[in-house]
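Student: I'm new to this one. Could you walk me through it?

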Amino acid sequence: MKGIILAAGEGKRLRPLTNNIPKSMVSFLGMTLLERQVDIMKKCQINDIIVVTGYKSDKINIPEINYIKNENFHKTNMVETLFCAKDELIGDVIISYADIIYEKNVLEKLINAEADMSIIIDKNWEIYWKERFENPLNDAESLKINTEGDISEIGQCANSLDDIQGQYIGLMKFNHSGTEILKQFYDNCKNSSQNEPNVLNPNIPFEKSYMTDLLQGLINAGHTLKPLMIKGGWLELDTIEDYNLYQDLYKKNRLNKFINLDE
């Protein structure tokens with residue numbers, strides 16, 4: 001099993017922390033975000049780790065991992081960043097955003113998943129979002145699960161809390177057949193979008209597609225995405241407001257309400 005960490009973004013909403021370093025190298029309570037992820041993966045015996053870099057890639061220098069650079073990071077998004085590592089999408093693969101941290105038990109649950117495509121979903125998202133936002137609906141995306149227990153909608157605009165049965169955290173696993181489906185689906189969508197509107201999201205160019213566009217596209221094409229439910233145990237560091245909030249919660253001994261960093 002291998003891990004692919006998507007770390008190409010500029011992290012504009014974390015400025016000034018990201019003026020001279022990429023988001024993944026922001027230090028949080030003594031370790032960078034990327035170091036925390038690599039550490040957790042290695043503790044779970046994932047030693048084949050690929051980091052897809054982009055912005056300020058020269059600032060990422062963690063030893064004993066492999067690097068692939070998205071040379072077009074400034075004009076692409078998550079999907080194209082992932083497929084810079086297309087040749088690494090073989091066998092069982094964990095895919096993670098670089099701006100999250102999570103407990104070891106969250107990753108272990110994902111490693112043990114048997115479905116072709118498994119997505120970590122936080123069932124207790126609302127408590128966490130209310131700590132971060134005055135109105136959780138301003139940022140949260142839709143997540144619906146059908147009667148078979150599969151994800152039927154992900155990453156769409158949520159009009160009410162009823163549209164959100166959990167929150168996608170940016171961590172997923174594709175087993176061997178799942179990676180083959182993923183690659184073929186991507187190729188088909190990219191080819192179809194060459195001279196037509198983007199089949200994943202007609203509102204933006206294909207190269208700007210979000211990961212949730214790709215996941216929803218897989219669902220729409222009839223593929224099964226299994227939710228793996230957790231209750232907290234993770235953080236997203238997306239904005240300077242997030243950073244300041246977590247520092248404050250840590251000082252007040254309240255951060256462990258959301259994540260245990262002492263594992």
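Tutor: Sure, and one term before we start: two residues are in contact when heavy atoms lie within 4.5 Å. Keep in mind that this is a predicted model.

Student: Okay, so which residues is L107 in contact with, leaving aside its neighbours within four places in sequence?

Tutor: L107 is one of the residues with the most contacts inside the largest nonpolar core, which has 50 residues. Apart from that core lies another, of 33 residues, L6 and L143 among them. Once the neighbours within four places are set aside, the contacts of L107 are I40, M41, C44, I46, I94 and Y102.

Student: Which strands are at the edges of the sheet?

Tutor: Read the sheet across: it's open, has seven strands with mixed pairing, and goes β5-β4-β1-β6-β11-β8-β12. An edge strand pairs on one side only, and that picks out β5 (66-69) and β12 (226-230).

Student: And what is the bridge partner of S118 in β12?

Tutor: Strand β8 covers residues 117-122, and that range takes in S118. Five bridges join β8 to β12, and the two run parallel. For S118, the partner in β12 is K226.

Student: Is T53 buried or exposed?

Tutor: T53 sits in strand β4, residues 48-53. Beyond residues up to four places away in sequence, T53 touches A7, A8, I60, Y67, I68, K69 and N70. The cut-off for buried is under 20% relative accessible area. T53 has 4% relative accessibility, so it counts as buried.

Student: Last one: at about what angle does helix α5 run to β11?

Tutor: Helix α5 (residues 176-192) lies across β6, β8 and β11. Relative to β11 (167-174), helix α5 runs at about 110 degrees.

Conventions. Residues are numbered from 1 along each chain as its sequence is written. This is a predicted model: local features need pLDDT of at least 70, side-chain atom pairs count only at pLDDT 80 or more; totals for chains, interfaces and linings use all residues. Side-chain values use heavy atoms; hydrogens and water are left out. Two strands pair if DSSP finds at least two bridges between them. Helices (H or I, at least four residues) and strands (E, at least two) are DSSP runs, numbered from the N terminus. Axes are lines fitted to C-alpha atoms, for helices over the stretch in contact, and angles run from 0 to 180 degrees between N-to-C directions. Buried means under 20% relative accessible area, exposed over 50%, partly exposed in between (1.4 Å probe, protein chains only). A nonpolar core is a set of buried Ala, Val, Leu, Ile, Met, Phe, Trp, Tyr and Cys residues joined through side-chain atoms within 4.5 Å.
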